[in-house]
Amino acid sequence: MKKLADINQNFPDWYQDVITQAELIDNSPTRGSFVIRPYGYRMWEKIRDILDKKIKEQGVDNAYFPLLIPEAFMKKEEKHVEGFAPEVAVVTHAGGKKLEEPYVIRPTSETMVYHMFARWIKSWRDLPLKINQWANVVRWEMRTRAFLRTCEFLWQEGHTAHQTKEEAFKMAQAMLEIYREIAEEYLAIPVIIGEKSESERFAGADATYTFEGLMPDGKALQMGTSHMLAQSFPAAFDVKFQNKEGKMVLPYCTSWGVTTRLIGALIMTHGDANGLIIPPRIAPIHVVIVPISRSEEQKQAILDKAYAVKSELEQQGMSVVVDETDKSPGAKFFHWEVKGVPVRIELGPKDLEKDQLVVVNRMEEDKAKKKQFIPAGNVSSVVSGLLEE
């Protein structure tokens, strides 16, 4: 691995070095799109699983809608089509022939969702209707940066319909609060919550609420949004229901979503001169054990102890890796520091003799406090406490 760019002198190059050397992402032959490598995708899976549980607790069901949207749908809501026009990618040919009607590759799913809502919502008894989708979207960005702004990205998008404006507002605010909780309690990123200005509002929404974090380069990063769509999309797609008084009325609606940009926010917020720092609650690997031996005789005994420690920690619900590669200890340390694994355990011949372990805290900057020597029998309690702290 090459040395990382200076985080204080060249933040953009540092960011690029980290996401590459930590094996989060790689370039692809598709313009503006990237390959999320397994380590990076495991971070997204952690975020996804936590958030999915909280979304379902709001009475929301997961569904899936088509990637291709008839172009005519995008034109039904005037502000919506105007807002997304520069970013839309269009399919004009398929099966070796020109299509009679082009299809837009999903930049967001409001138009498709409300076409279906018109079929599913007929009476007040059908409400509230709460749907979420985990999917990919395409927006033809001119300037891209991995995780932060790409032509294709992963996200969840929720869409709900309600009888009253008050219900819809409560839903939009509830999701904003869940997003704040994810950011602060799981990603450990302090955020500011507020309403976007009219010029920055989601195309077709009555109000857009956002949560944003201040990054080390002094720039604010929008990490997700919750929209009060009210009745613009139901009006455009003729979504009506018979209320309790027998009148045909429009529902009040919301949409809300977060993307893989959360990973970019995490990298920038917590990274240091040595690479990533990953909060334990979403870390793909909690502990890496580095066995250090100078002879074959030592090697097996040390490995046996390393795997015994691994098994003990895994019983506590931790994800643990034993690094058996042929790299030097220093190269291994650098590798796992860059990848941001919260805790490293070093185990050498002297440690085996003394029945001790060397525990290294990735987040600690003070060298005197970074390492601690602990009795091997205390490893579960010490590492559990360190991760929680």
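The lining of the largest cavity in this predicted model is a mix by class, with six nonpolar, one polar and three charged residues. The volume of this cavity comes to about 60 Å³, and the structure holds one cavity of 30 Å³ or more. Rolling a probe the size of a water molecule over the atoms is a handy way to show where empty space is left.

Who sits around the largest cavity? The residues that line it are V288, W336, E337, V341, P342, V343, R344, V360, N361 and R362. Looking at the secondary structure, one helix and two strands turn up here: α10 (329-338), β17 (343-347) and β18 (356-361) each give at least two residues to the lining of the largest cavity.

Next comes a pocket. The second largest pocket takes up about 670 Å³, and 27 residues line this pocket. Nearest its centre lie P280, L386, L387, E388 and E389. Sorted by class, the lining of the second largest pocket has nine charged residues, six polar ones and twelve nonpolar ones.

Which helix supplies the largest share of the lining of the second largest pocket? That turns out to be α13, with four residues. Helix α13 covers 379-388, and along with α6 (165-186) and α12 (367-370) it is one of the elements that each bring at least two residues to the lining of the second largest pocket.

Technical notes. Residues are numbered from 1 along each chain as its sequence is written. This is a predicted model: local features need pLDDT of at least 70, side-chain atom pairs count only at pLDDT 80 or more; totals for chains, interfaces and linings use all residues. Side-chain values use heavy atoms; hydrogens and water are left out. On a 1 Å grid over the protein atoms alone, a cavity is a set of points where a 1.4 Å probe fits but cannot get out, and a pocket is an open set with protein on both sides within 12 Å along at least five of seven lines; lining residues have an atom within 4 Å of a point. Grid points are joined across faces, edges and corners, and a volume is the space filled by probe spheres set on the points. Ala, Val, Leu, Ile, Met, Phe, Trp, Tyr, Cys and Pro count as nonpolar, Asp, Glu, Lys and Arg as charged, and the others, Gly among them, as polar.
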